[in-house]
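Trainee: I'm new to this one and would like a close look at a single part. Could you take me through the salt bridges, and then show me what else is worth finding on the way?

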Amino acid sequence: MIRSRPVLAPAGAVIALALLVEAAVAVSGADGTARVIGDRWLYSGVELASLAVLAARIMRSRTDRLAWTLIWLGLLGWTVGDLIWSLWLDAMANPPTPSIADAFYLTMYPALAAGLILLMRARLHRVGLTQWLDGLIVGLTTAALTGALMLAPVLRAADSRWLQGLINIAYPVGDLGLLGIIAVAWSLAGGRPGRAWALLGLATILTAVTDVLYAYEVAVGSYHAGAIIDVLWPASMATFAFAAWVPARSQPAAVTHAVHRTVYATGIAMVTALGLLVVAAFGHVTPTVVVLATCSLVLAIVRATRTHLAGVRDLLRSEGEAMTDALTGLGNRRCLSAALATQLAAGSRCTIAFSDLDGFKRYNDTFGHAAGDVLLSRMANRLVEAVAGRGSVYRLGGDEFCMLLPGPVARQDPVLAAIASALHQPCSSFAVTASIGLAVFPDEAVTPAAALQLADDRMYAEKARTAGGIPARDVLMQLLSERAPILRQRVSSVGSLAGAVGRRLALDAETMDELLRAAELHDIGKLAIPDEILDKPGPLTAEEWRFMREHTAIGERILAAAPALRPVARLVRSSHERWDGGGYPDGLAAERIPLGARIIAVCDAYEAITSDRCYQPARSAQAALVELRRNAGTQFDPRVVTALCDVMAERDSGTPSLLPPSVHT
């Protein structure tokens with residue numbers, strides 16, 4: 001802050017008193033000595049005092065010294081012009097017009113403009129191109145509007161001599177330029193430029209108003225020296241001088257704290273500029289005003305285009321961020337869902353390879369989460385290389401990755417070995433590995449969510465197998481043996497037959513594994529059905545049928561409690577659906593029923609027909625096949641029935657049986 005009060009207060013008091021006296025003389029219309037004192041000595045005294053005040057500021061502070069020096073030089077040129085006029089030219093009977101005084105007067109405008117621009121750069125920093133465009137739009141429109149109000153009367157009354165007319169117009173045009181600069185500064189500051197710029201704006205407005213009034217009165221012959229407008233010139237010069245002493249804080253302009261006010265000002269300026277052009281189309285508006293308003297609208301178009309492009313870029317960037325994993329740069333779950341939706345819309349088949357790291361928690365606990373993040377990023381890069389040219393990689397969060405591979409992919413495909421290798425990280429006492437679950441979309445699941453869930457379930461099954469078997473399955477099979485030994489034997493038979501049919505239909509290894517386990521456990525829900533219903537020799541009542549039909553849903557709930565058995569639970573739930581949609585519990589029909597469940601339904605029916613039951617004696621294999629063919633297309637999948645008939649025909653013809661010696665996997 002400039003310590004100015006001991007010097008500034010007396011100078012301000014003297015200048016204010018001189019201006020008051022000069023104004024009193026002008027208003028009173030006094031002539032003679034009073035007029036000479038007011039119009040010459042007080043007028044010139046205020047100008048010289050203002051120059052001294054400004055010079056003291058320049059010498060006392062280095063802050064913005066060049067800017068204020070340029071302003072001082074501009075005011076000096078104006079003062080020299082006034083002194084030439086009052087001490088020499090005013091005494092002539094016919095002073096020349098234009099004169100040498102005009103040359104000094106006009107030097108004020110470029111000097112003031114340069115000084116104001118330097119001040120604006122120093123005060124309003126970190127201003128972007130958009131804010132500059134806003135400021136220029138406001139500045140040009142301000143100049144255009146001022147010109148429309150003030151320039152037209154001057155032009156209409158201008159001297160017919162071209163040189164004198166040009167000089168008369170130069171003053172208001174220069175003022176328009178200064179007003180435009182002030183408007184730019186105010187706009188960039190969001191309408192809150194501070195006290196220093198408020199005084200600079202006031203000084204510029206006083207100069208502009210006085211110049212326009214003077215030019216108009218001279219043009220129409222109504223001007224006389226010593227009028228009240230003569231007080232405004234030294235008053236504006238004093239305002240410039242005292243503005244230099246006002247402490248001005250550097251501020252970040254509208255970039256950080258007043259964007260909304262800048263936008264409002266720009267919008268008002270655009271509407272005003274458009275209005276001026278509309279007026280010009282139906283009335284007389286000076287070409288200068290038309291050019292200024294047109295330039296303002298052109299900049300407004302540039303500004304709007306820039307804003308639109310920035311909005312598009314921001315939207316694309318935000319969409320990209322919303323579809324991208326921040327840690328690895330891979331696509332995230334949302335991106336994967338969109339890719340699957342695209343595949344579905346295109347009618348394409350693909351394989352979802354869902355992976356989860358084994359041992360990653362121990363890695364984090366041993367080396368820290370920062371090291372874990374580095375490992376995930378490294379694995380992401382290795383995965384991209386592993387599937388290069390074959391598919392795309394996504395990170396779904398945590399230690400879960402997902403690969404999207406075109407077409408059906410078998411377990412033996414080299415790309416899966418490459419994926420497993422990319423997700424392997426040996427350590428000193430343990431290793432980080434990965435379990436991978438596969439699902440073919442849309443063959444095995446018709447929605448992206450269902451396909452991801454199926455792959456996730458199979459991944460858990462893989463995790464359980466690599467961890468040393470499937471304890472949950474063994475426990476349930478043992479429970480079935482203890483609770484219902486006959487039921488245990490029957491499901492084993494169904495499992496063997498289902499395995500043969502599955503191989504006949506060329507199921508892949510993973511689907512076959514799920515089929516075998518589901519066939520073994522498809523009646524696990526019957527453990528919750530009372531024995532009197534299970535062993536009832538006669539027809540079941542409606543209430544008993546209601547209990548019986550619950551066993552598939554009960555079986556699903558039991559199996560779904562173990563993550564490794566969730567794919568199996570899905571098949572068990574649908575094992576009593578019918579091809580025509582008349583089954584239970586969901587009334588699924590045709591291909592909506594999982595293939596494994598359709599196979600279990602046919603094999604379970606064959607086993608029921610060919611074994612003794614409490615409600616019917618056993619029938620022959622041939623009778624069972626006849627019954628199955630009769631119900632193919634209504635109760636059973638015709639393709640599965642055909643496959644079972646082929647299996648039995650091969651067995652009867654002596655062809656090596658497709659039935660495995662054991663269904664345990």
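**Salt bridges and their surroundings**

Mentor: Happy to. There are 13 salt bridges in the structure, and keep in mind that this is a predicted model. Let's go through some of them one by one.

Start with aspartate 646 and arginine 504, which form a salt bridge whose closest N and O atoms are 3.5 Å apart. This pair links distant parts of the chain: aspartate 646 sits in helix H25 (residues 638–652), arginine 504 sits in helix H17 (residues 485–504), and the two positions lie 142 residues apart in the count along the chain. How open are they to the outside? Aspartate 646 has a relative accessible area of 29%, so it is partly exposed. Arginine 504 comes out at 36%, so it is partly exposed as well.

Next, look at arginine 598 and aspartate 637, whose side chains meet in a salt bridge at 2.7 Å, N to O. Arginine 598 belongs to helix H23 (residues 595–609), while aspartate 637 is in the loop between helix H24 (621–630) and H25, so this pair ties together parts that are 39 residues apart in sequence. Are these two buried or exposed? Both arginine 598 and aspartate 637 are buried.

Now for helix H24 itself. The side chains of arginine 630 and glutamate 627 meet in a salt bridge there, at 2.5 Å from N to O. The two are about one helical turn from each other because they are three residues apart in H24. Arginine 630 has 57% relative accessibility, so it counts as exposed. Salt bridges can also share partners, and that is how Glu444, Arg458 and Glu514 are joined into one network.

From here, go to the sheet. It is an open sheet of five strands in the order S2-S3-S1-S5-S4, with antiparallel pairing. Its edge strands are S2 (392–397) and S4 (425–426), each of which pairs on one side only. Strands of a sheet pair through backbone hydrogen bonds, either parallel or antiparallel. Find strand S1 (residues 350–358) and strand S3 (residues 400–406): they run antiparallel and are joined by seven bridges. For one example, take cysteine 350, whose bridge partner in S3 is proline 406. Across S1, S2, S3 and strand S5 (431–441) lies helix H11 (residues 333–346), running at about 135° to S2.

Proline 406 leads us to arginine 390, which is found in the loop between helix H13 (369–386) and S2. Arginine 390 and proline 406 are 16 residues apart along the chain, and their C-alpha atoms are separated by 7.0 Å. Which residues does arginine 390 touch, leaving aside its neighbours within four places in sequence? It is in contact with Leu404, Leu405, Pro406, Val409, Asp413 and Val415. With 31% relative accessibility, arginine 390 counts as partly exposed.

One last stop, this time without charges. Trp41, Leu87, Trp88, Met92, Ile100 and Phe104 make a nonpolar surface patch of about 630 Å². Of these, try picking out phenylalanine 104, which lies in helix H4 (residues 100–123). Phenylalanine 104 counts as partly exposed, at 31% relative accessibility.

Methods
Residues numbered from 1 in each chain as written. Predicted model: local features only at pLDDT ≥ 70, side-chain atom pairs only at ≥ 80, totals over all residues. Heavy atoms only, no water. Pairing = 2+ DSSP bridges. Helix = DSSP H or I, 4+ residues; strand = E, 2+ residues; numbered from the N terminus. Contact = heavy atoms within 4.5 Å. Axes fitted to C-alpha atoms, helices over the stretch in contact; angles between N-to-C directions. Patch = residues over 30% accessible without salt bridge, like charges linked within 9 Å, V, L, I, M, F, W, Y side chains within 5 Å. Areas by Shrake-Rupley, 256 points an atom, 1.4 Å probe, with all protein chains shown as cover. Salt bridge = Lys/Arg side-chain N within 4 Å of Asp/Glu carboxyl O. Buried < 20%, exposed > 50% of the residue type's maximum accessible area, 1.4 Å probe, protein only.
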